[in-house]
Amino acid sequence: MMLPILAYFLIFSFYPLARGLAISFQDYRLIGDRPFIGFDNYLRVLKDPVFWEVFQNTIVIGAGSFIINFFLPLILALSLNEVASAWFKKMTQMIVYLPHLFSWVVVGGMWILLLSPDTGIVNQIIQLFGGQSVGFLSSDRYARLVMILTSGWKEMGYTCIMYLAAIVNINPSLYEASSIDRASRWQKARYITIPMLRSTMKVVIMLNVLGILRLFDQIFVMSNGAIANKVDVIMMYTYQKGILEFSVGPATAAGFLVILATFTLTYVTRAVIRYDEG
């Protein structure tokens with residue numbers, strides 16, 4: 001019964017990975033010979049100033065999204081845990097979870113309309129209070145912040161559900177004992193809820209770390225020429241090199257640099273947070 005599953009991964013995961021690794025060492029051409037050129041593609045990428053520019057953008061946006069996607073869902077989950085009304089809690093969970101179900105094509109298009117300097121509701125509210133229209137998606141000043149906040153808005157509900165599921169499994173007797181000791185809600189959250197969420201926090205951290213360098217969909221949808229130098233990320237670099245310019249060798253080399261960096265970052269994070277200790 002495992003053979004079809006193993007065959008699937010061998011054909012659609014491991015073989016393309018091995019083939020891509022070979023291409024990264026080749027002077028890849030659509031027609032003709034494809035000689036091996038060693039690490040020339042990797043050196044070409046590492047010497048490209050555009051690569052380091054998009055690498056910086058990736059780190060800034062990825063780190064910002066990591067922080068937002070860790071703390072905001074935690075705050076929301078702790079707040080919802082204090083809500084007594086069951087129907088209000090369920091309705092709020094549904095509302096904040098919905099954006100996670102939509103693709104970035106839908107979410108990105110929606111935020112482009114909302115942030116439009118002419119007809120966007122955000123700028124209309126700003127003008128209503130006497131402010132000037134702001135070009136959120138045409139200004140270097142706001143571009144990265146918009147990417148970080150919209151990413152947090154989209155994924156907040158999914159991570160919040162993970163925290164709430166963990167909170168439900170906390171032994172109620174701990175809260176009953178703290179109530180006898182006249183602990184406040186803040187003290188219960190600080191000394192019971194948050195420490196008991198340690199394992200879930202570690203999972204959330206690892207999931208967010210894995211995605212720091214793999215940003216693409218959001219940037220592809222929401223980026224434009226005016227802000228590209230501030231928001232283009234490494235995966236956009238590989239897309240432009242491999243698909244638009246058909247420089248497959250350098251594009252594949254850049255992709256494997258992302259894999260290597262992600263592996264290193266994940267390994268270091270796993271060691272720092274002591275993931276295996278529970």
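1. Let's start with E82: is this residue buried or exposed? Neither, quite: E82 has 33% relative accessibility, so it counts as partly exposed. To follow that call you need the cut-offs: buried means under 20% relative accessible area, exposed means over 50%, and partly exposed is in between. Keep in mind as you read on that this is a predicted model.

2. Which residue does the side chain of E82 meet in a salt bridge? The partner is R185, with 3.5 Å from N to O. This pair links distant parts of the chain, as the two residues are 103 apart. E82 sits in the loop between α3 (49-81) and α4 (86-101), while R185 belongs to helix α9 (residues 185-196). R185 has a relative accessible area of 56%, which means that R185 is exposed. So the bridge has a partly exposed residue on the E82 side and an exposed one on the R185 side.

3. How many salt bridges does a search of the whole structure find? There are five. Another of them pairs E155 with K154, and here the closest N and O atoms are 3.3 Å apart. K154 shows 5% relative accessibility, so this lysine counts as buried.

4. Now look at K241 and E245, which also form a salt bridge, their closest N and O atoms lying 3.5 Å apart. Salt bridges with shared partners tie these two and D48 into one network. The accessibilities are worth a look here. K241 is buried because its relative accessible area is 14%, whereas E245, at 48% relative accessibility, counts as partly exposed.

5. Next, find the nonpolar patch on the surface. Its area is about 1,100 Å², and M2, L3, I5, L6, Y8, F9, L10, I11, F12 and F14 make it up. Two of these residues make handy landmarks. L3 is in helix α1, which covers residues 3-23, and Y8 is in helix α1 too. L3 reaches 66% relative accessibility and so counts as exposed. For Y8 the value is 47%, so that residue counts as partly exposed.

6. Try a distance while you have Y8 on screen. How far apart in space are Y8 and G225? From C-alpha to C-alpha they are 39 Å apart, and 217 residues separate them in sequence.

7. Time to zoom out. What does the secondary structure of the protein chain come to? The count is 14 helices and zero strands. Reading from the N terminus, you simply meet one α after another, as the elements run α-α-α-α-α-α-α-α-α-α-α-α-α-α. Along the principal axes, the C-alpha atoms fill a box of roughly 80 × 60 × 35 Å.

8. A few totals round off the picture of the chain. There are 278 residues, and 37% of them count as buried. The chain exposes about 16,600 Å², with 68% of that supplied by carbon and sulfur atoms. As for contacts between residues at least 6 apart in sequence, 66% join residues that are at least 24 apart.

9. Finally, the charges. How many positive and negative side chains does the protein chain have? The tally is 21 positive and 16 negative, and the centres of the two sets lie 7 Å apart. You have already met some of the residues behind those numbers in the salt bridges: E82 with R185, E155 with K154, and E245 with K241.

Note on methods
Residues are numbered from 1 along each chain as its sequence is written. This is a predicted model: local features need pLDDT of at least 70, side-chain atom pairs count only at pLDDT 80 or more; totals for chains, interfaces and linings use all residues. Side-chain values use heavy atoms; hydrogens and water are left out. Patches are made of residues with over 30% relative accessible area and no salt bridge: like charges are joined within 9 Å, nonpolar side chains (Val, Leu, Ile, Met, Phe, Trp, Tyr) within 5 Å. Accessible areas come from the Shrake-Rupley method with a 1.4 Å probe; for residues, only the protein chains shown count as cover. A salt bridge is a side-chain nitrogen of Lys or Arg within 4 Å of a carboxyl oxygen of Asp or Glu. Helices (H or I, at least four residues) and strands (E, at least two) are DSSP runs, numbered from the N terminus. Buried means under 20% relative accessible area, exposed over 50%, partly exposed in between (1.4 Å probe, protein chains only). Contact means heavy atoms within 4.5 Å. Lys and Arg count as positive and Asp and Glu as negative; His and the chain ends are not counted. The place of a charge is taken as NZ of Lys, CZ of Arg, CG of Asp or CD of Glu.
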